Amino acid sequence: MNMRNEEIERLNAAMKQTSDKRLYERYLAVRLRLEGHTFEEIGDLLSRARQTIGLYWKAYQTQGLPGLKMDHSPGQPTKLTEEQRKQLAAMLEQQQPADVGFEARYTWTLPLVAEWIKREFGITMSVRGISAMLKRMNFSFTKATYTLANADEDAQVYFKKHTFAALKKQVEAEKIDHLLFEDESMIRSYQALQYNWFPRGRQRKVPTYGKHEGAKLFGAINYETGQVHHREEEKADTTAFIRFLQDLLSAYSSGKIALILDNSRIHHATELQPFLTEHPRLQLVFLPPYSPNLNPVEGLWLWLKADVVNNVFFEKFYKIKLHVSQFMKRINQHPLDTVDRLLVRL
């Protein structure tokens with residue numbers, strides 16, 4: 001056995017003996033280097049900077065295995081105190097750049113954070129250093145999301161803790177046989193463009209004719225089974241909604257159905273009442289106003305659009321329906337995936 005193989009065997013033995021995750025990572029980095037991998041390759045594999053891997057290797061070359069038993073990260077020490085980091089974290093979470101003197105700026109970028117740190121603490125930090133520090137502080141670069149300003153948080157909490165909890169108990173007691181969520185959405189001939197993998201320096205081009213054809217979709221998810229039901233309509237009016245309710249009554253030909261849905265006008269329409277009177281086993285349960293976050297069908301629409309609608313132009317209306325039907329058929333073949341993706345957190 002040559003010397004390099006002996007070193008690898010010693011590292012393997014050390015990796016088996018240690019319970020320290022950081023130390024295990026250092027042993028692994030050195031072993032990979034001995035096996036011929038570059039610092040860059042190892043850094044990509046371990047999600048560490050190339051320079052950090054280089055420091056591991058240098059420590060091993062000068063001191064052997066004991067040199068890897070560091071009681072701190074080998075990278076550059078943070079330049080902010082714990083109190084300063086807390087102040088930075090609170091500012092990033094609670095304020096926009098415009099709130100703290102950066103006129104007409106509403107997105108925190110690393111250069112802006114560096115400028116704020118320089119202004120507030122008199123400390124100069126590199127963009128890369130700030131990025132690493134923010135990751136250690138459990139921050140990530142994420143897209144903002146809209147929230148409805150009129151939403152009543154207390155009403156939403158009450159719905160989850162009381163209304164929905166009571167419905168689930170009725171299902172367990174077999175007083176409700178089928179518990180479903182329902183919603184509507186619009187699918188246009190060209191919906192939206194989204195990020196996708198493509199050769200660097202080029203963009204995927206989606207040809208269009210300037211048309212705006214589309215379909216109104218009605219959708220429902222069975223809370224217990226993950227089964228999805230849908231119907232395409234030209235209009236999302238009360239008549240179309242009644243047709244979808246008839247579909248659900250046919251799909252669940254016996255037993256009581258509780259249907260959770262939002263406060264759309266068509267859900268409260270006067271024309272709907274005779275139908276509900278005629279079918280007493282169908283119960284509508286309304287979400288608090290402005291609460292799409294409580295309806296998993298909203299997640300279904302996002303899933304549908306991301307998978308088969310975005311980055312596509314449908315020159316014929318029937319092709320929209322075909323894509324939607326294929327998507328619904330595919331996910332209904334694996335309903336537990338729908339449960340895991342959309343329902344498990346309810």
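Which side chain of opposite charge is nearest to Arg 26, and how far away is it? In this predicted model, Arg 26 is found in helix α2 (residues 21-34). The residue is buried yet has no salt bridge; the nearest side chain of opposite charge is that of Asp 20, 5.9 Å away. Because a salt bridge requires a nitrogen-oxygen separation within 4 Å, this pair does not qualify. The side chain of Arg 26 instead reaches the backbone oxygen of Leu 68, at 3.2 Å.

Helix α6 comprises 12 residues (110-121). At 1.5 Å a residue, a span of 16 Å is expected, and the end C-alpha atoms are indeed 16 Å apart, so the two values agree. The buried residues of α6 are Leu 112, Val 113, Ala 114, Trp 116, Ile 117 and Phe 121. These buried residues pack against α5 (82-94) and α7 (127-136). Gly 122, with a positive phi near 70°, follows the helix.

Nine aromatic pairs are present in the structure. One of them, formed by Phe 102 and Trp 108, is edge-to-face, with 5.9 Å centre to centre and 80° between the planes. Phe 102 counts as buried because its relative accessibility is 8%, and Trp 108 counts as buried at 15%. Phe 164 and Phe 181 form a tilted pair, with 5.7 Å between centres and 55° between the planes. Since Phe 164 lies in helix α8 (residues 153-172) and Phe 181 in strand β1 (residues 178-188), this pair ties together parts 17 residues apart in sequence. Both Phe 164 and Phe 181 are buried. Ring pairs further link these two residues with Phe 159 and Tyr 223 into a cluster.

Methods
Residues are numbered from 1 along each chain as its sequence is written. Side-chain values use heavy atoms; hydrogens and water are left out. Helices (H or I, at least four residues) and strands (E, at least two) are DSSP runs, numbered from the N terminus. The expected span of a helix is 1.5 Å times one less than its number of residues. Buried means under 20% relative accessible area, exposed over 50%, partly exposed in between (1.4 Å probe, protein chains only). Contact means heavy atoms within 4.5 Å. Lys and Arg count as positive and Asp and Glu as negative; His and the chain ends are not counted. A polar contact is a pair of N or O atoms within 3.5 Å; within protein, one must be able to donate a hydrogen and the other to accept it, and residues adjacent in sequence count only if both atoms are side-chain atoms. Rings of Phe, Tyr and Trp (its six-membered ring) pair if their centres lie within 6.5 Å; planes under 30 degrees apart count as stacked, over 60 as edge-to-face and the rest as tilted.
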